[in-house]
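User: Please take a close look at the inside of this protein for me. I'd like to know what packs there and what surrounds it.

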Amino acid sequence: MRKSLAIAAGFAALTAGCAVDTKRATNITPSSATLNATVRCDAGSRASAWWELRKPGSAWQAASARATVECPAADQLLRLSHDVKGLRAGVRYEYRVAADPAAPGGRILDSSPVAFTTDLFSPGLVASADHG
């Protein structure tokens with residue numbers, strides 16, 4: 001069994017045999033978004049993983065608790081998503097997945113960051129003034 005997979009551009013190694021691809025954010029509103037990624041890894045590979053978020057140029061901040069990610073089968077995509085709330089309208093954010101491999105002495109690894117900008121307005125919200 002291969003101990004590692006070929007890693008395409010835009011993929012970052014999570015642990016031996018694993019790679020993550022940070023996908024575009026979805027369900028973007030003025031104050032929230034859904035962060036998305038896919039993981040491909042060898043069967044039984046595992047790591048502690050969490051989401052990180054920042055405004056460009058700022059320090060990375062944890063956007064979720066750590067969770068154990070375990071791949072059930074080789075060459076099977078594991079889809080990850082996380083809803084973040086409390087964002088500011090019209091602001092650009094970057095996010096990534098961080099992972100701490102289960103192997104002793106492993107170092108924390110990060111996926112490539114992806115950026116999104118929160119909406120300025122809620123759909124259907126109309127401002128009006130009475131100039132009567």
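Analyst: Of the 132 residues of the protein, 39% count as buried, where buried means under 20% relative accessible area, exposed means over 50% and partly exposed is in between, all with a 1.4 Å probe and protein chains only. Keep in mind that this is a predicted model: local features need pLDDT of at least 70, side-chain atom pairs count only at pLDDT 80 or more, and totals for chains, interfaces and linings use all residues. Residues are numbered from 1 along each chain as its sequence is written, and side-chain values use heavy atoms, with hydrogens and water left out.

First, the frame. The protein has zero helices and 10 strands, so you read β-β-β-β-β-β-β-β-β-β along the sequence. Those labels are DSSP runs, with helices being H or I over at least four residues and strands being E over at least two, numbered from the N terminus. Contacts reach a long way along the chain: among those between residues at least 6 apart in sequence, 62% join residues at least 24 apart. A contact here means heavy atoms within 4.5 Å.

Now the inside itself. In soluble globular proteins, nonpolar side chains tend to be buried together. Here the largest nonpolar core has 23 residues, and Trp51, Leu87, Tyr95 and Phe116 have the most contacts inside it. (A nonpolar core is a set of buried Ala, Val, Leu, Ile, Met, Phe, Trp, Tyr and Cys residues joined through side-chain atoms within 4.5 Å.) At least two residues of this core come from each of β2 (18–26), β3 (32–41), β4 (46–54), β7 (77–85), β8 (92–101) and β10 (114–117). The biggest giver is β3, with five residues.

Aromatic rings deserve a stop. A search of the whole structure turns up three aromatic pairs. Rings of Phe, Tyr and Trp (its six-membered ring) pair if their centres lie within 6.5 Å, and planes under 30 degrees apart are stacked, over 60 edge-to-face, the rest tilted. For Trp51 and Tyr95, the ring centres are 6.0 Å apart and the planes sit at 50°, so this pair is tilted. Trp51 is in strand β4 and Tyr95 in strand β8, so the pair ties together parts that are 44 residues apart in sequence. Both partners are tucked away: Trp51 counts as buried because its relative accessible area is 7%, and Tyr95 counts as buried because its value is 0%. Trp51, Tyr93, Tyr95 and Phe116 make up one aromatic cluster.

Phe116 brings us to β10. This strand has a covered face, Val114 and Phe116, and an uncovered one, Ala115 and Thr117. β10 pairs with β8 in the antiparallel sense over four bridges; two strands pair if DSSP finds at least two bridges between them. Within that pairing, Glu94 stands opposite Ala115.

Glu94 also leads to the charged side chains. The structure holds five salt bridges, each a side-chain nitrogen of Lys or Arg within 4 Å of a carboxyl oxygen of Asp or Glu. One joins the side chains of Glu94 and Arg54, at 2.7 Å from N to O. This pair links distant parts of the chain, with Glu94 in strand β8 and Arg54 in strand β4, 40 residues apart. Glu94 counts as buried because its relative accessibility is 15%. Another joins Arg66 and Asp100, whose closest N and O atoms are 3.6 Å apart. Here the loop between β5 (61–62) and β6 (67–70), home of Arg66, is linked to Asp100 in strand β8, 34 residues apart. Asp100 is partly exposed, with a relative accessible area of 24%.

Arg66 has a second role: its charged end sits over the ring of Trp50, 3.9 Å from the ring's centre. That label needs NZ of Lys or CZ of Arg within 6 Å of the ring centre and within 35 degrees of the ring normal. Elsewhere, Glu52, Arg96 and Asp110 are linked in a network of salt bridges. Lys23 and Asp21 also meet in a salt bridge, 2.9 Å from N to O. Lys23 is partly exposed at 34% relative accessible area, while Asp21 counts as buried at 15%.

Finally, two loop residues. Ser45, in the loop between β3 and β4, is buried at 13% relative accessible area. Ser45 and Glu70 are 25 residues apart in sequence and 5.7 Å apart in space, C-alpha to C-alpha. Asn27, in the loop between β2 and β3, is exposed at 57%. Asn27 has a positive phi of about 50° although it is not a glycine.
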